[in-house]
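Here are some short exercises, each with a worked solution. Have a look at the structure first, then work through them at your own pace.

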Amino acid sequence: MIDRTQFENNLSDYIRGELSADEHREIDAYLNAHPEALESLQELREILGLTAQIHADKPPANLLQEARSELLDQLAEPAPTRSRILSLIPRLRLPRLPQTAYISGLAASIAIVAVTLLWPGSSSEVLADMIQKWKQVTSLRIEGWIIDAEGTRTPYRQWLQAPHTFRAEIGAGDRQRTVLVVPGQRQIRDRDGILYREPLPDDHLLSLGQAASYLSAYYESERSREHAHEFTEEDLGETVRYTLWHSRGLGHGPSDFKHQIDVDPNTQLPLATRVFQRVDGQWLQMSELHYSDYDRPIPPETFQIDPEEETRPIDAETELALWFERAISPQSAHVPAVHVPVAEVDLEWLDSLTVKSRGVRAGYHRGATAGVARQEFVDYPLGEILRRMTGHIVEDSPLAEKKLSLIATFKYALPWQRRIQPLLAHLSLEYQLDEREASRTRFIFTQDGRHLPPSRHRFSFSRVKGNLDMGYEFNFERTPLPSVISNIFNNCPDTAFDAELDTLEYAWDGPPERNPFKREVDLEFSTSSGDWEESYQILRENFGIKLSQTAETITHPILKLRPAQP
Amino acid sequence: MNPSADHTRDIVDRYGDLVLQVAWRVLPDADEVKDIYQETFLQYHAVVKRGETIHYPKAWLCRTATNAAFKRQRQRRRQSLFADDTALENHPDSKAAKEIEQNLLLNQVRQLAAELPERQRQVFVLRNFQGMPFAEIAAQLDCTEQTARASEYKALKKIRAWMNDSWKETEA
């Protein structure tokens, strides 16, 4: 009798009735012997019923003639002049406009050639080169302005030095603030000259490589450009300008953010970046930063920390006061500014017409930029909304099931109690914080003691491409091993990991100097299923990682909703 | 018209119908299909104009048109994971409602096919949308017939599993 693989390989043709009589009988025999396989048969039959309809669907009769005629018109036209960068493009889609409109459009854009890229092959090369160049940079200086937390234009300067050091100066004169990050610690001097210092965890490496990750995710990533509302490339002679107008997190249509980068076509390095944000229907420029002094040595005193100088620790209160400064990183070179909610929390209610026009029935999307969180909910249960905003579980109740559509924007450092206060006040509700028992799973990673080779890269860089359930591409360069594991683990939907309750732990009982979880590693691989088992196999083979789990009962906080007391 | 344009014109005449059908089955929208048709042949023309030879124009055009169509399909879908079924709710006529429901299902298959890994997507489309036999698919994709069959099975199972998910959320 045939085996399972042969059965699977021939099943679709069995349903289509395209097997020989012998092959057909073999499938029948297999199904008789394996009744559980009938489920696969039924599943495929349903899908094949649909695909057969798609196969039978014919385009309208006149469509071929129309398409052919327009195409031959295009072929007959003389080729338009293309710029140096654009000449790398195999062929850009020409807009299907009346011929006169197209020619006049070209005439009007002699100085600036702007083309919406629907075929991103060439830009991929240029932008990939930019990322590679950036990853070789040892130092640089950034200068310009940003819109500060108070909504005013403020001078901004930043010096970055590989691998993990930078200094940022915000504002000027007596009220200038500075942020200084060296390996293992961050120091902030506030407007009043008070100095704060805090340790940074080992896996919190703020580096030029992190900025490369950002550049790559926004501009180089084909997926990012495909999903952009609009991606344009302009040849300005001395520079090439890329502008990315993002799509909404949920549904169709454009978002309120545009990012722009000017690249020097000779050095292939960034020259300037700008951020634009649409606020109340108006486009505001949020920053203008210029890049210079690539690889020029920076005086060591720029990054000097005086251990004798009196400092204050950073507690919950100062965390909120310094929310803007603490959000500054090398990535701030590209995401330096964002409109800050006027109140502590901005709530934008979405009416059903708006939601419908975006083609979304229900969902959730979150983003955090420069210390400001933005969470969008469409037809989402209140209990889930509050869980997303606080990290606490909400007790099931009719109140928690009420569905709402809104966008909440708030400073990320805002304590959770204050994040949800305006929403609950609007709904005339209040909460009671209670406790209950639940089962927590501890996911414990160990390593078999093998020596891990040193990273081949100079900077930390990580990138994940893919979709829930549909396979991923992972690329980690000089990334702390725990970050690699947690990144992969969190991207696998079948791990049953509950971020609110469960923990990821990294256990090592060998000598501290050989602790693999303190090492930075390189790993690049892709999965076809997106399942944890597939990725786990890679971690086992490459790093000798093993996973064990233990369950324990814990007490955890829970929010209970009730109508507000008068 | 120059020689390369003449050659492209021949190719358009020979494979234009095929390209149109490939695009239509992935994305049944007349404007989009015209764009894909144009994009595909203009790319072909650009390659030929550079003096490069495409040895198997049929396979090349098929793949290019399919990829272009799926790229647009993905752009349409983006992160909105829910089909807009309001039309269904508002339609009192059960026969029409059934037709709408059927179209939603077909669109769902097209959208999910766009998310398949490259090889599985190619096999799935060639076999199911184009009706190409496995032997021909294997030749076109330079793999064995068994590999093509296995890829199709995986693709069908994946699409079936994804169709079961009626509630998903996105997180950036």
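**Exercise 1.** Find the bridge partner of A:Thr273 in S12(A), then describe how the strands around it pair.

*Solution.* Start at A:Thr273: its bridge partner in S12(A) is A:Leu289. Next, widen the view to strand S11 (residues 270–279) of chain A, which pairs with S12(A) in the antiparallel sense over eight bridges. Strands here are DSSP runs of E with at least two residues, helices are runs of H or I with at least four, and both are numbered from the N terminus; two strands pair if DSSP finds at least two bridges between them. Then look at the link: S11(A) and S12(A) form a hairpin with two residues between them, and A:Asp280 in the turn has a positive phi of about 50°.

This is a predicted model, where local features need pLDDT of at least 70, side-chain atom pairs count only at pLDDT 80 or more, and totals for chains, interfaces and linings use all residues. Residues are numbered from 1 along each chain as its sequence is written, while chains are lettered from A and ligands numbered from 1 in the order in which they are written.

**Exercise 2.** Identify how strand S2 (residues 139–147) of chain A is joined to S12(A).

*Solution.* First, note the direction: S2(A) and strand S12 (residues 282–292) of chain A run antiparallel, with six bridges joining them. Then pick one residue: A:Ile146 has A:Ser287 as its bridge partner in S12(A).

**Exercise 3.** Where in chain B is confidence lowest, and where is it highest?

*Solution.* Begin with the average: chain B has a mean pLDDT (the predictor's confidence in each residue, from 0 to 100) of 77. The lowest confidence in chain B is in helix H4 (residues 86–89), at a mean of 38, and the highest is in helix H6 (residues 118–129), at 89.
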